[in-house]
Amino acid sequence: MTLLEVRDLHTRLQTQGGAVRPVDGVSFELRAGGTLGVVGESGSGKTMTALSILRLLPAGAGRIESGTIQFAGRELTTLPEREMRALRGKHIAMVFQEPMTSLNPVYSVARQIGEVLWLHEGMDKPAARARTIELLRVVGIPDPERRVDAYPHELSGGMRQRVMIAMAIACSPQLLIADEPTTALDVTIQAQILELLARLRRELGMAVLLITHDLGVVAEFAEEVLVMYAGTVVERAPATALFAAPQHPYTQGLLASAPARQAGKRRLATIAGMVPDLAQLPGGCRFRERCVRAVARCAESEPPLLDSGNGRKVACFVAMAELTGQPL
């Protein structure tokens with residue numbers, strides 16, 4: 001059963017350089033209990049897609065221009081704000097990228113998780129405190145009876161991330177959005193956090209939308225992968241198929257430049273250039289100026305995201321020509 005369905009989503013953001021679309025025609029689905037990894041370089045639109053789903057775009061500067069977001073049969077783009085507030089945290093929760101800035105430094109762990117339980121579950125303070133201690137135990141924080149009264153600055157980075165996860169799962173949401181949940185953590189803690197998310201997904205039956213630039217994280221965690229570039233989706237595939245045979249040149253470049261694939265190499269592989277400024281996008285394919293396989297047609301029009309067989313989609317004229325045997 002499909003839990004989340006995003007169709008042709010366009011988000012507009014007003015910046016100092018003018019209006020841009022950090023999410024420009026994005027479409028995907030996520031089944032109940034499933035895992036979808038969203039990958040791409042910084043500036044590709046991953047986080048803005050998540051904020052659009054939650055309708056947490058910058059006030060006065062960001063808005064959803066068009067498209068639909070269906071969650072458990074409800075259209076979120078037109079949902080009254082009061083109903084969205086009731087949905088956030090209880091049915092859709094998010095673990096943000098940097099827990100030190102996401103957690104309030106002047107409130108204890110008990111207060112911050114307790115507020116979620118008071119608001120969405122109607123618990124009184126003693127019940128909320130008991131539930132908070134239980135949640136800290138679930139996410140693997142040692143001595144939760146003592147840590148429950150700690151402040152964010154008294155916790156390590158890994159523990160703060162676990163507190164964020166405890167807060168996110170407090171109401172057993174149907175969907176958890178995890179935005180770079182392992183950034184700035186050492187490798188051992190990264191593995192523990194991913195193992196924790198995988199275990200919680202199994203035990204709670206929740207779907208997980210995992211946003212990351214780390215392909216190793218996606219390979220280990222996600223069932224399907226969405227590759228974004230400059231606000232658009234360039235490839236969508238089951239994780240095993242994508243890692244075995246990436247179709248889009250951008251995905252191929254990301255995989256080739258992954259550290260795990262460069263052991264023993266004297267010169268590290270990279271993708272030349274930078275993600276383009278959204279206010280000054282090139283004509284045609286947005287990736288063509290960095291693409292080693294670009295042809296004349298790539299400058300003429302933007303390639304659509306098309307079915308490429310076996311549940312896969314790719315937005316590339318060259319890839320589709322090779323897959324179908326049709327001339328460019």
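**Exercise 1. In which helix is the place of Arg-147? Determine also whether Arg-147 is buried or exposed, and describe its surroundings.**

*Solution.* The model examined here is a predicted one.

Step 1. Arg-147 has its place in helix H6.

Step 2. Arg-147 is buried, and it has no salt bridge. The nearest side chain of opposite charge belongs to Asp-143, 5.9 Å away. A salt bridge requires a side-chain nitrogen of Lys or Arg within 4 Å of a carboxyl oxygen of Asp or Glu.

Step 3. Asp-143 does have a salt bridge, formed with Arg-146; the closest N and O atoms of this pair are 2.8 Å apart. Asp-143 counts as partly exposed because its relative accessibility is 38%.

Step 4. Apart from neighbours within four places in sequence, Arg-147 is in contact with Val-109, Leu-136, Ile-141, Pro-142, Glu-154, Leu-155 and Met-159.

**Exercise 2. Describe helix H4: its span, its buried residues, what covers them, and what follows the helix.**

*Solution.*

Step 1. Helix H4 comprises residues 109-121, which is 13 residues. From its first C-alpha to its last, H4 reaches 17 Å, close to the 18 Å expected at 1.5 Å a residue.

Step 2. The buried residues of H4 are Val-109, Ala-110, Gln-112, Ile-113, Gly-114, Val-116, Leu-117 and His-120. One of these, Val-109, is also in contact with Arg-147.

Step 3. The cover over the buried residues of H4 includes helix H2 (81-87), helix H5 (125-138), helix H6 (144-147) and helix H7 (157-169).

Step 4. Gly-122 follows H4 and has a positive phi, near 65°.

**Exercise 3. Which side chain meets that of Glu-115 in a salt bridge, and where do the two residues lie?**

*Solution.*

Step 1. The partner of Glu-115 is Arg-111, with an N to O distance of 3.0 Å.

Step 2. Both residues belong to helix H4 and are four residues apart, about one turn of the helix. An α-helix has 3.6 residues a turn, so residues three or four places apart point the same way.

Step 3. Glu-115 counts as partly exposed because its relative accessibility is 33%. Arg-111 likewise counts as partly exposed, at 32%.

**Exercise 4. Which parts of the chain does the salt bridge between Asp-149 and Arg-129 tie together?**

*Solution.*

Step 1. In the salt bridge between Asp-149 and Arg-129, the closest N and O atoms are 2.9 Å apart.

Step 2. Asp-149 lies in the loop between H6 and H7, whereas Arg-129 lies in helix H5; the pair therefore ties together parts that are 20 residues apart in sequence.

Step 3. Asp-149 is partly exposed at 39% relative accessibility, and Arg-129 is partly exposed at 35%.

Step 4. Salt bridges that share partners also join Arg-12, Arg-21, Arg-63 and Glu-65 into one network. The structure holds 22 salt bridges.

**Exercise 5. In what order do the four strands of the open sheet stand, and which helix packs on the sheet?**

*Solution.*

Step 1. The order is S2-S1-S4-S5, with antiparallel pairing.

Step 2. Strand S2 (18-31) and strand S5 (74-75) are the edge strands, each of which pairs on one side only.

Step 3. Strand S4 (residues 62-71) pairs with S5 in the antiparallel sense over two bridges. Phe-71 stands opposite Arg-74 in S5.

Step 4. Helix H1 (residues 46-54) packs on the sheet and touches strand S1 (2-15), S2 and S4. The direction of H1 makes about 75° with that of S2.

Note on methods
Residues are numbered from 1 along each chain as its sequence is written. This is a predicted model: local features need pLDDT of at least 70, side-chain atom pairs count only at pLDDT 80 or more; totals for chains, interfaces and linings use all residues. Side-chain values use heavy atoms; hydrogens and water are left out. The expected span of a helix is 1.5 Å times one less than its number of residues. Buried means under 20% relative accessible area, exposed over 50%, partly exposed in between (1.4 Å probe, protein chains only). Contact means heavy atoms within 4.5 Å. Two strands pair if DSSP finds at least two bridges between them. Axes are lines fitted to C-alpha atoms, for helices over the stretch in contact, and angles run from 0 to 180 degrees between N-to-C directions. Lys and Arg count as positive and Asp and Glu as negative; His and the chain ends are not counted.
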